[in-house]
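Dear colleague,

I am handing over a structure for your study. Please open it below and keep it beside you while you read the notes that follow.

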Amino acid sequence: MNTFYIIGTGPGDPELITVKGLRTMENCATLVAPKAKVNGDSTALGIVKGLMDLDNKKVIEVCFPMHKVENGKGTQEVEAAWREAAQLILDHLKDGDVAFPTLGDPAVYSTGFYVYATLKEMAPDMEIKIIPGITAMSCCSAIGNQPLCLGGEILTVVPATFDDQRLGQILTSCDSVVLMKVHNVMDRLVALLDELDLLDRAVCYEQCGMAGQKVHTNLRAAANSDLHYFSTIIIRK
Ligand SMILES: C[S@@+](CC[C@H](N)C(=O)[O-])C[C@H]1O[C@@H](n2cnc3c(N)ncnc32)[C@H](O)[C@@H]1O
C-alpha cells in the first residue's frame with residue numbers, strides 16, 4: 001500500500017518549507033491541495049508551485065468551506081468535503097504516494113487532521129505520515145524580532161472568534177497570547193485589548209512571508225484597514 005502524507009508548507013515564504021516536506025512531495029504521484037473557495041486558488045499549492053516540477057504529477061484542488069467545526073463535527077457541507085477528499089486520496093493511492101500540502105503546520109488549525117480522521121474511519125489500516133511545517137506564529141514572531149515565550153511564561157494560542165469573556169480570561173491569565181483568525185473581529189478585539197490596557201502590547205502581522213506582508217503596531221489603524229484573513233496578533237505582556 002502506498003503512503004498518504006500531510007505536509008506543512010510553512011506560512012507563505014517558499015523558502016520556509018522544510019527540505020523533508022519538499023523532497024516527500026517531489027516523490028508523490030498526486031497532490032491533493034486544499035482551498036477555501038470553489039473559484040479560488042490553493043494557498044498551500046501556490047507556495048510549492050515554483051519549487052518543484054508539477055508536470056508529471058496529478059494535482060487536484062479540493063474546496064473546504066470555511067464553516068465552524070466544533071468538537072470534530074462540521075456542517076453537512078464541511079463533512080461532505082472531508083469525505084470527498086478522503087475518497088479522492090484513497091483512489092489515487094492506487095497510483096503511488098499522495099501528498100496533502102497545508103499552510104503552516106498541520107497540527108495547528110489545519111483541515112489536514114479532519115482529512116486524517118475521515119481517512120482513518122474509512123480505511124483504518126492505511127499508512128498516514130505527517131511532516132511538520134513552520135507555523136504562522138513562528139514566522140510572525142521572527143519578523144517582529146520578538147519571542148513567543150521565555151523562561152516560565154505561559155503561551156496560549158487561541159482563535160480570536162472566542163467570546164469576550166473567554167478571551168478576557170485568557171488575556172488576563174497568560175503571559176503571551178497568539179490570536180489567530182482575527183480579520184473579521186478586529187473592532188471587538190481592539191475594544192477588549194483597550195479595556196485590559198493591552199493595546200500597546202499587541203502587534204498584528206498580516207500575510208507574513210507573502211507578497212502583501214505588513215506589520216501593524218497600531219491596532220486601531222489595522223482595524224480600519226481591509227485586513228487579510230492571513231493575519232495574526234501577538235500580545236506579549
Ligand atoms: C486555518 S489557520 C492555519 C494555521 C496554520 N496551520 C499554521 O500552522 O499557522 C489560518 C490562520 O493562520 C494565521 N496565518 C496563516 N498564515 C499566515 C501568515 N502568512 N501571516 C499571518 N498569519 C497567518 C491567521 O491567523 C489565519 O487566520
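**What was found**

In strand β9, Val215 is the bridge partner of Tyr205. Please keep in mind that this is a predicted model.

The bridge between these two residues belongs to a pairing of two strands. Strand β8, which covers residues 202-206, pairs with β9 in the antiparallel sense, and three bridges make up this pairing. Both strands are part of an open sheet of five strands, in which the order is β6-β7-β10-β8-β9 and the pairing is mixed. At the edges of this sheet are β6 (155-159) and β9 (214-216), each of which pairs on one side only. On average, neighbouring strands in the sheet are turned by 20° against each other, with direction ignored.

There is also an open sheet of five strands with the order β3-β2-β4-β1-β5, and its pairing is parallel. Its edge strands, each pairing on one side only, are β3 (58-63) and β5 (128-131). Here, too, the average turn between neighbouring strands is 20°, direction ignored.

Within this sheet, strand β1 (residues 4-8) runs parallel to β5, and four bridges join the two. To find one of these places in the model, look for Tyr5, whose bridge partner in β5 is Lys129.

Two helices can then be placed against these strands. Helix α3, made up of residues 76-92, packs on the sheet and touches β1, β2, β3 and β4. The direction of α3 makes about 165° with that of β3. Helix α1 (residues 19-26) lies across β1, β2 (30-35), β4 (98-102) and β5. Relative to β1, helix α1 runs at about 140°.

The last topic is the ligand. Which residues are the closest to the ligand? They are Gly104, Val108, Ala136, Met180 and Cys208, out of 22 residues that surround the ligand. By character, this shell divides into 12 nonpolar, eight polar and two charged residues. Helix α5 (136-143) and strand β10 (231-236) each supply at least two residues of the shell. Domain 1 (4-131) and domain 2 (136-236) each contribute at least three residues to the shell around the ligand.

When you go through the model yourself, I suggest that you begin with the two sheets, continue with the helices and finish with the ligand.

With kind regards

Key: Residues are numbered from 1 along each chain as its sequence is written. This is a predicted model: local features need pLDDT of at least 70, side-chain atom pairs count only at pLDDT 80 or more; totals for chains, interfaces and linings use all residues. Two strands pair if DSSP finds at least two bridges between them. Axes are lines fitted to C-alpha atoms, for helices over the stretch in contact, and angles run from 0 to 180 degrees between N-to-C directions. Two residues are in contact if their C-beta atoms, placed from the backbone, lie within 7 Å. A residue is near a molecule or strand if its C-beta atom, placed from the backbone, lies within 6 Å of it. Ala, Val, Leu, Ile, Met, Phe, Trp, Tyr, Cys and Pro count as nonpolar, Asp, Glu, Lys and Arg as charged, and the others, Gly among them, as polar. Domain bounds come from an automatic or database domain assignment.
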